[in-house]
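Trainee: I have a structure to read and several labels to justify. Can we go through them one at a time?
Mentor: Yes. Ask for the reason behind each label.

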Amino acid sequence: MKRSLEQRLQEGTVIIGEGYLFELERRGYLQAGSFVPEVALDNPEVLKQTYRDYMNAGSDVVLAFTYNAHREKMRIIGKEELLEPLNRHAIRLAKEVAKEHPTEEALVAGNISNTNIFDPEDPASKDAVRSMFAEMVSWCKEEGVDFINGETFYYYEEARIALEEIQKQDLPAVITFAMMGENILRDGYTVEEGCRLLSEKGALVVGMNCFRGPNTMQPYLEKIRENVNGYVAGLPIPYRTTDEHPTFFNLPDGGCSCHLPLETTFPTALDPLYHNRYELAEWAKQAKDIGLNYIGLCCGASPAMLRAVAEAVGVEAINSKYSPDMEKHFLFGKDETLKKHNVAYRTKA
């Protein structure tokens, strides 16, 4: 029997794999810049394999890849007619993969996100946002998702509208904020205040995702945990953000030897700025220790990174059998049958 999200949260840590946007761009099936998930229609087998890779790395959830698949984004690229087919197909592919889990069918989450048209001073924008969320959530309901993941909101009010539309369809809601460099939500709320209010309004899980790496997200996750009675989520990006540069939008690379074609390293020159998997695992332990319940990684994360996070909080992934083991390595191993003249050379290699 497949447990619900709430049941899994009651029984332990839920692992969530996100980051499809950057991963599919890295694999060559998504355009950086527009960042629209047309892969669901153009290359469905690629999307299924990506879902599968994150599930096998420990994710309890297959998140339908409909981030940025809303009416505004589809309008910008001139493909509004593909809006509903893209959303429905992404969910159906996620459901197919979720059933492959060998021990317990994975949860399937629908996905809505920041619209980039919300303006707190413009009532018409709020109506447009509500309409966009309403249609996407209704398709999720019809396709039979287990819950809705509303993510990457940098306005409290936009997140509240998302929660209201999810609740109209009687679905559990996970709502996470993505805070920009001014360290406050753009309509003036602190992130902990926004999370507390959404939790009080009935969101099952609240917290933060994206924009910030562990170093600049963790202090705010601690504040959220102190202010929220319910379940709390943390999904940082795997980049080395700093107090001076708290998000990946303006993260510099002083060692770059070429002239970048873009104004910043974001989004296609962030590669040298990664945390390694061991640093991410240490963050995951800290996140669990302070009481986070819904733990994962966002844009830039690879399945290997997610597996390290899962294992750090005590979860054995399907693909944990492939976790690093240097015992047999010709230079760095300790197996007694290895050639001693090679092992002795390890520091000179």
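Mentor: Start with the overall layout. The domain assignment gives domain 1 as 5–318 and domain 2 as 324–348. Keep in mind that this is a predicted model.

Trainee: How far apart do the C-alpha centres of domain 1 and domain 2 lie?
Mentor: Those centres are 40 Å apart.

Trainee: Which feature does UniProt place at residues 2–313?
Mentor: The unreviewed UniProt entry puts "domain: Hcy-binding" there. Over residues 2–313, the chain is 43% helix and 13% strand. The end C-alpha atoms of that stretch lie 22 Å apart.

Trainee: Now the charged pairs. Why is the contact of E23 and R26 called a salt bridge?
Mentor: Set the distance against the cut-off. The rule asks for a side-chain nitrogen of Lys or Arg within 4 Å of a carboxyl oxygen of Asp or Glu. For E23 and R26, N to O is 2.2 Å, so the pair is a salt bridge.

Trainee: What separates E23 and R26 along helix α2?
Mentor: They are three residues apart in helix α2 (residues 20–27), so about one helical turn separates them.

Trainee: Why is E23 called buried?
Mentor: Buried means under 20% relative accessible area. E23 has 7%, so E23 is buried. R26 has 38%. Partly exposed runs between the 20% and 50% limits, so R26 is partly exposed.

Trainee: How do you know that K79 and E38 form a salt bridge?
Mentor: Their closest N and O atoms are 2.5 Å apart. The limit is 4 Å, so the pair counts. This pair links distant parts of the chain, 41 residues apart. K79 is in the loop between α5 (71–76) and α6 (83–98). E38 is in the loop between α2 and α3 (39–42).

Trainee: What makes E38 buried and K79 partly exposed?
Mentor: E38 has a relative accessible area of 18%, which is under 20%, so E38 is buried. K79 has 29%, between the two limits, so K79 is partly exposed.

Trainee: Why does the pair of E80 and R71 count as a salt bridge?
Mentor: N to O is 2.9 Å, within 4 Å, so E80 and R71 pass. E80 is partly exposed at 32%. R71 is partly exposed at 32%.

Trainee: Which residues do salt bridges with shared partners join into one network?
Mentor: K126, R130, E157, R160, E164, E165 and K168.

Trainee: How many salt bridges does the rule give?
Mentor: The count comes to 29 salt bridges.

Terms used:
Residues numbered from 1 in each chain as written. Predicted model: local features only at pLDDT ≥ 70, side-chain atom pairs only at ≥ 80, totals over all residues. Heavy atoms only, no water. Helix = DSSP H or I, 4+ residues; strand = E, 2+ residues; numbered from the N terminus. Buried < 20%, exposed > 50% of the residue type's maximum accessible area, 1.4 Å probe, protein only. Domains from an automatic or database assignment. UniProt positions renumbered as here; feature names shortened; annotations may be inferred.
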